[in-house]
Amino acid sequence: MTTTFMITAPPPSPPVVAAPTLTGPVNGSVVRDTVRPVALGTGTIGSVITVRSGGAVVCTAVVGPDGRWSCTPLADLSAGVHTYTATQRANSPGALESGSVSTTFTIELPALPAPVILTPAEGGFAGRTPQITGTGKPGAQVSVTNVTDGAVLCTALVGFDGKWSCRSSQLPFGGQRIKAVQKMPDGPVSPVSPVRNFTVAVTLSGAVFKDSNRNGRLDAGELVMDGVRLELGSAGPDGTFGTSDDVQLGAATTRAGVFSFPGIMPGMYQLRLISSTLPRGMYPTNDKDGSADRRIVVDVPETASALQLTGPVLGADAATLGSLDFGEMFAGIDVVVRDAQGNPIRNADVSFTDAAGTVFTGRTDAQGRLVIDGSADKPMALGSGQVTATLSDGRSTTTDVGVATTVTKVVAQIPGDAPQPPAPTPPSPTSGPGGDQEATADQTLPYTGAIGVWDLLLPGLTAMVAGVLLLVASQHRHFRNTRRQV
């Protein structure tokens with residue numbers, strides 16, 4: 001009797017590798033520079049390393065060709081004592097995990113100080129979207145929040161110089177309370193900074209200037225005036241300016257020509273320039289509501305977003321408003337002296353006597369014009385005055401003038417023609433007919449073609465030149481005929 005049977009070998013056991021080594025962090029060490037200490041050691045080439053702490057996987061790694069491995073935790077570890085446990089397994093299906101090795105260490109990070117908020121200033125004013133600045137630890141991320149609702153207003157990275165800056169999202173008008181914290185990458189979060197208190201408002205500001213060209217704008221080269229007082233007020237309960245319930249809110253004096261009223265909330269205001277603080281004899285040339293009365297009504301809307309409210313356009317957003325400047329200038333006259341044909345006369349002597357009997361004098365320019373302005377030392381009185389223009393030949397004219405607060409234009413017309421220029425001399429050899437001519441009389445127009453000596457001599461000279469040319473041509477023909485005969 002024959003019995004058949006089969007002998008099978010048992011399945012191979014899953015590959016088992018020895019436990020890895022765990023050399024870092026060093027057992028018993030104290031870690032002070034990070035909350036994600038790197039685990040490192042050696043193992044079997046190609047094996048998969050698993051590092052755990054408190055039973056949770058911290059990180060994994062594959063042993064490299066040199067037999068070394070390392071991995072960084074995927075999350076921050078808290079301050080205190082921690083133990084890393086490392087195992088390895090072959091990188092193949094069904095591989096078993098090796099025995100474990102461990103290391104214990106303590107995380108002790110230096111305290112990260114709270115960041116410092118520098119601006120807005122404590123108790124100060126800022127616009128709707130203020131620039132918030134401060135100091136902190138270089139490389140830290142600063143987060144600024146609203147104390148009231150916890151909303152993050154802005155974030156910033158602290159620079160190498162220890163400074164940070166960020167612009168806040170829009171804030172409502174009124175009192176504000178903000179705070180800030182900072183956090184290092186892979187590091188702790190600092191305590192909260194002291195609360196910073198400030199007020200969101202607008203600042204009304206502008207300049208008082210000498211409007212030399214009287215165009216109502218502060219232009220390059222025009223001078224600003226110091227020591228001028230301005231007052232800001234509201235209309236009071238009745239909402240009408242100029243009544244008994246008006247409320248004065250503050251006053252300011254120009255410094256370097258500029259005035260400023262900070263801390264202004266939405267509403268209607270009147271800005272008034274105090275005339276008695278201006279130099280004597282000055283008058284307004286313009287203000288931005290077009291009244292030229294040294295008063296500007298300013299409407300600060302709820303939509304105003306800028307710290308610097310730069311204009312009085314009613315109901316408009318602050319960013320679109322013009323300047324709150326006041327232009328001032330002394331009264332003056334602008335005289336043009338002309339002859340009967342309307343031609344300007346230069347170097348005419350002009351004398352003006354104002355309503356107070358003060359005399360101003362001057363001489364017209366090449367366009368027959370003279371501008372005379374009053375001054376603080378010699379103001380020009382408003383009202384009726386007289387302008388007298390006199391030429392060097394004694395002819396003159398007198399014109400009545402009513403001086404207003406701005407420059408009064410005057411045309412003084414001299415009877416008859418302007419004095420004629422002397423006959424011009426013939427042109428020099430280096431300048432032919434039609435070259436530049438210059439009038440020599442101070443009070444006359446340039447020579448424009450009156451008949452002179454040159455006009456009389458020119459036909460004779462032309463005939464003489466033609467005769468000489470005919471003679472030369474005749475002699476040339478005679479010489480040619482003589483050569484043929486020879």
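Strands, labelled E, are DSSP runs of at least two residues, numbered from the N terminus. The model used in these exercises is predicted.

**Exercise 1. A residue in a strand**

Find the strand that holds Phe-209, and decide whether Phe-209 is buried or exposed.

Solution.
Step 1. Phe-209 belongs to strand E16, which covers residues 202-210.
Step 2. Buried means a relative accessible area under 20%.
Step 3. The relative accessibility of Phe-209 is 0%, so Phe-209 counts as buried.

**Exercise 2. The surroundings of Phe-209**

State which residues Phe-209 contacts beyond its neighbours within four places in sequence, and how far Phe-209 is from Asp-219 in space.

Solution.
Step 1. With those neighbours left aside, the contacts of Phe-209 include Gly-216, Arg-217, Leu-218, Glu-222, Leu-223, Val-224 and Met-225.
Step 2. Asp-325, Phe-326, Gly-327 and Glu-328 are also among the contacts of Phe-209.
Step 3. Asp-219 is ten residues from Phe-209 in sequence, and their C-alpha atoms are 9.4 Å apart.

**Exercise 3. A salt bridge between two loops**

Explain why the salt bridge of Arg-32 and Glu-108 ties together parts of the chain that are apart in sequence.

Solution.
Step 1. Side chains of opposite charge can pair when their charged atoms come close.
Step 2. The cut-off for a salt bridge is 4 Å between the side-chain nitrogen and the carboxyl oxygen. The closest N and O atoms of Arg-32 and Glu-108 are 3.6 Å apart, and the two residues form a salt bridge.
Step 3. Arg-32 sits in the loop between strands E1 (29-31) and E2 (39-42), and Glu-108 in the loop between strands E7 (101-107) and E8 (116-119), so the pair joins parts 76 residues apart in sequence.
Step 4. Glu-108 has a relative accessible area of 39% and is partly exposed.

**Exercise 4. A network**

Locate Asp-76 and Lys-183, and name the network of salt bridges to which they belong.

Solution.
Step 1. Asp-76 and Lys-183 form a salt bridge, with 4.0 Å between the closest N and O atoms.
Step 2. Asp-76 is in the loop between strand E5 (68-71) and strand E6 (80-89), while Lys-183 is in strand E14 (residues 174-183); the two are 107 residues apart.
Step 3. Asp-76 is partly exposed at 35% relative accessible area, and Lys-183 is partly exposed at 32%.
Step 4. The network links Arg-36, Asp-76 and Lys-183.

**Exercise 5. The count**

Give the number of salt bridges in the model.

Solution.
Step 1. Another pair is Asp-349 and Arg-363, whose side chains meet at 2.9 Å, N to O.
Step 2. The count comes to eleven salt bridges.

Notes. Residues numbered from 1 in each chain as written. Predicted model: local features only at pLDDT ≥ 70, side-chain atom pairs only at ≥ 80, totals over all residues. Heavy atoms only, no water. Helix = DSSP H or I, 4+ residues; strand = E, 2+ residues; numbered from the N terminus. Buried < 20%, exposed > 50% of the residue type's maximum accessible area, 1.4 Å probe, protein only. Contact = heavy atoms within 4.5 Å.
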